[in-house]
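Me: I've got a model open and I'd like to learn how to read it feature by feature. Can you walk me through it?

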Amino acid sequence: MPVVRVTWFEGKDHKEKAKVAAEITDSIARNTGTDPNYVYVIFEDVKTSDWAGAGKLFGEQADAQPKPQAGPT
């Protein structure tokens, strides 16, 4: 029973999450032979102000720190 956690900045809508979940599920099922009914995807939406990179917070509180394009998953 694979469980995949996707941690990213908040703001993705239901349609975006559904597409990502479907693609992750399909990839695992194709590459491992796992029944798609037993693949689980958990999304963890994080505020940019609660995420730091290189020792600096992102989001509104950061001092002109550009937002990264993608976070770790």
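Me: Let's start with the helix. Which residues of α1 are buried?

Reply: Keep in mind that this is a predicted model. Buried here means under 20% relative accessible area. By that cut-off, α1 buries Lys17, Ala21, Thr25, Ile28 and Ala29.

Me: How are those buried residues arranged when I look down the axis of α1?

Reply: General idea to begin with: an α-helix has 3.6 residues a turn, so residues three or four places apart point the same way. Now the case at hand: the buried residues of α1 fall within an arc of 95° seen down the axis, so they line one face of the helix. Turn to the other side of α1 and you'll find Lys15, Lys19, Arg30 and Asn31 exposed.

Me: And what do the buried residues of α1 pack against?

Reply: Two strands: β1 (3-9) and β2 (40-46).

Me: Where does that helix sit in the overall order of elements?

Reply: Reading from the N terminus, the order is β-α-β-β-β. That's one helix and four strands.

Me: How many residues does α1 have, and what does it span?

Reply: α1 covers residues 14-32, which is 19 residues. From its first C-alpha to its last it reaches 27 Å, close to the 27 Å expected at 1.5 Å a residue.

Me: What should I look for at the two ends?

Reply: At the N-terminal end, look for a side chain that caps the helix. Asp13 does the job for α1, with a side-chain oxygen 3.1 Å from the backbone nitrogen of Lys15. After the helix, check the backbone angles: α1 is followed by Gly33, which has a positive phi, near 80°.

Me: On to charges. How many salt bridges are there?

Reply: You're looking for a side-chain nitrogen of Lys or Arg within 4 Å of a carboxyl oxygen of Asp or Glu. By this rule there are three.

Me: Which one involves Lys17?

Reply: Lys17 pairs with Asp45, at 2.6 Å from N to O. That salt bridge links distant parts of the chain, since Lys17 is in helix α1 and Asp45 is in strand β2, 28 residues apart. Lys17 is on the buried list for α1, while Asp45 is partly exposed at 37% relative accessibility.

Me: What does Glu44 pair with?

Reply: Arg5, with 3.0 Å from N to O. Here too the partners come from distant parts of the chain: Glu44 belongs to strand β2 and Arg5 to strand β1, 39 residues apart. Both are partly exposed, Glu44 with a relative accessible area of 29% and Arg5 with 46%.

Me: Where do Arg30 and Asp26 lie?

Reply: Both are in helix α1, four residues apart, about one turn of the helix. Their side chains meet in a salt bridge at 2.9 Å, N to O. Arg30 counts as exposed at 58% relative accessibility, and Asp26 is partly exposed at 39%.

Me: Last one, zooming out. What share of the protein is buried, and what about its surface and contacts?

Reply: Of the 73 residues, 22% count as buried. The accessible surface comes to about 5500 Å², and 50% of that belongs to carbon and sulfur atoms. For contacts, take the ones between residues at least 6 apart in sequence: 56% of them join residues at least 24 apart.

How values were computed. Residues are numbered from 1 along each chain as its sequence is written. This is a predicted model: local features need pLDDT of at least 70, side-chain atom pairs count only at pLDDT 80 or more; totals for chains, interfaces and linings use all residues. Side-chain values use heavy atoms; hydrogens and water are left out. The expected span of a helix is 1.5 Å times one less than its number of residues. Buried means under 20% relative accessible area, exposed over 50%, partly exposed in between (1.4 Å probe, protein chains only). The arc is that of the directions from the helix axis to the C-beta atoms. Contact means heavy atoms within 4.5 Å. A polar contact is a pair of N or O atoms within 3.5 Å; within protein, one must be able to donate a hydrogen and the other to accept it, and residues adjacent in sequence count only if both atoms are side-chain atoms. Accessible areas come from the Shrake-Rupley method with a 1.4 Å probe; for residues, only the protein chains shown count as cover.
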